[in-house]
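Thanks for sharing this one with me. Here are my notes, set out point by point so that you can follow them with the coordinates open.

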Amino acid sequence: MRKIPLAVQTYSVRDEIKKDLPGTLKKIKAMGYDGIEMFGTIDMAPEAFAHMLEEIGLTLCGWHIGLEALEPDAIEGTIAFHRACGNKRPIVPALDEQYCQSHAGYLAAADKLNRAAAVLKAAGMQTGYHNHETEFSPMEGENPWDTIAANTCGDVILQLDNGNAAAGGADTLAYIQKYPGRARTVHLKPYAKATGFDAMIGSDDLPWKDFFAACADVGGTQWYIVEYECEERYSQMEGIQQCMEAMKALRDKGWVLF
């Protein structure tokens with residue numbers, strides 16, 4: 001099994017990074033994470049942000065952005081910003097309502113992702129799409145996740161969030177296997193049918209051992225990205241710490257390498 005580095009989606013600690021961005025990132029590094037995936041905006045110059053990450057020792061493995069940032073009138077600015085930050089993967093985490101009401105809407109989004117992917121490829125970058133639960137509810141005879149996957153080129157990352165997918169009724173393992181080489185980054189989010197997202201990696205309902213094996217052998221996965229959002233059980237920092245401990249326990253079993 002390949003060793004794949006482990007990152008945190010900073011939405012998991014969104015309140016903490018608002019209060020103290022460098023301090024929170026240092027704590028993430030101290031927990032043992034290799035990188036972060038950002039979301040939203042930052043209140044500092046991208047070059048300064050890249051320098052801060054380098055000093056802390058974290059890799060920026062992705063950034064969640066809106067599809068509008070990949071439109072023709074915005075994409076060059078997006079490229080310039082992410083190049084300055086050191087990010088090669090601006091990923092679309094959700095679509096505006098106009099795209100989500102019909103099969104045609106998802107096809108239009110797929111077309112925009114393809115167009116953006118071609119421009120980003122020339123800049124040494126890749127875009128992608130991240131699922132929530134709704135992408136696995138059939139729309140006009142097809143799951144929107146399949147619509148996006150089947151109508152985008154191989155340069156578009158299919159960033160499967162396994163917890164969100166399971167909450168939508170999907171077989172997470174089957175979706176890694178269905179689209180070989182396209183799960184270049186994946187989100188690790190615990191999910192249990194009885195308690196929803198109030199669960200922990202390795203002690204929930206997801207097939208973690210087989211999922212990690214599929215990511216390494218079939219999915220072409222380059223980064224695992226922890227996203228934990230159940231603050232009813234743990235605080236934001238405690239949540240990602242518990243995820244790290246759970247991942248270490250699975251590593252000790254030989255289920256995953258990171």
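1. A word on terms before the sheet: two strands count as paired if DSSP finds at least two bridges between them. Please also keep in mind that this is a predicted model.

2. Let me begin with the overall sheet. It is open, is built from eight strands with parallel pairing, and follows the order 6-5-4-3-2-1-8-7. Strand 6 (157-159) and strand 7 (185-188) sit at the edges, each pairing on one side only. On average, neighbouring strands are turned by 30° against each other, direction ignored.

3. Next, strands 2 and 3. Strand 2 (residues 35-39) and strand 3 (residues 59-64) pair in the parallel sense over five bridges. Two positions help to fix the register: E37 stands opposite G62 in strand 3, and F39 stands opposite H64 in strand 3. Strand 3 is mostly covered, with five of its six residues buried.

4. How many bridges join strand 7 to strand 8? There are four, and the two strands run parallel. Within this pair, L188 stands opposite V226 in strand 8. In a regular strand, side chains alternate between the two faces of the sheet. Strand 7 is covered on both faces: T185 and H187 are buried on one side, and V186 and L188 are buried on the other.

5. A helix belongs in this part of the picture too. Helix 10 (residues 208-219) packs on the sheet and touches both strand 7 and strand 8 (223-226). The direction of helix 10 makes about 165° with that of strand 7.

6. Y129 deserves a look of its own. This tyrosine is found in strand 5, and is Y129 buried or exposed? Y129 counts as buried because its relative accessible area is 1%, below the 20% cut-off. Leaving aside neighbours within four places in sequence, Y129 has a list of contacts that includes I91, V92, A94 and L95, as well as Y106, L113 and E135. Also among its contacts are W145, I148, I157, L158 and Q159. The C-alpha atoms of Y129 and A94 are separated by 7.4 Å, although the two residues are 35 residues apart along the chain.

7. On to internal space. The structure holds one cavity of 30 Å³ or more, and the largest cavity encloses about 60 Å³. Its lining is made up of W145, L158, L160, Y175, I176, Y179, R182 and A183. By class, that lining has seven nonpolar residues, no polar ones and one charged residue. W145 and L158, both in the lining, are also among the contacts of Y129.

8. T78 is a residue to check in helix 4 (residues 75-85). T78 is classed as buried because its relative accessible area is 10%. Beyond neighbours within four places in sequence, T78 is in contact with I65, A69 and L70.

9. Finally, A123 lies in the loop between helix 6 (103-122) and strand 5 (128-130). Why does A123 count as partly exposed? Its relative accessibility is 21%, so A123 falls in the partly exposed class, which starts where the buried class, under 20%, ends. Outside its neighbours within four places in sequence, A123 is in contact with I79 and R83. A123 and L188 are 65 residues apart along the chain, and their C-alpha atoms are separated by 28 Å.

Methods: Residues numbered from 1 in each chain as written. Predicted model: local features only at pLDDT ≥ 70, side-chain atom pairs only at ≥ 80, totals over all residues. Heavy atoms only, no water. Axes fitted to C-alpha atoms, helices over the stretch in contact; angles between N-to-C directions. Contact = heavy atoms within 4.5 Å. 1 Å grid on protein atoms, 1.4 Å probe; cavity = no way out; pocket = protein on both sides within 12 Å on 5 of 7 lines; lining within 4 Å. Points joined across faces, edges and corners; volume = space filled by probe spheres on them. Nonpolar A, V, L, I, M, F, W, Y, C, P; charged D, E, K, R; others polar. Buried < 20%, exposed > 50% of the residue type's maximum accessible area, 1.4 Å probe, protein only.
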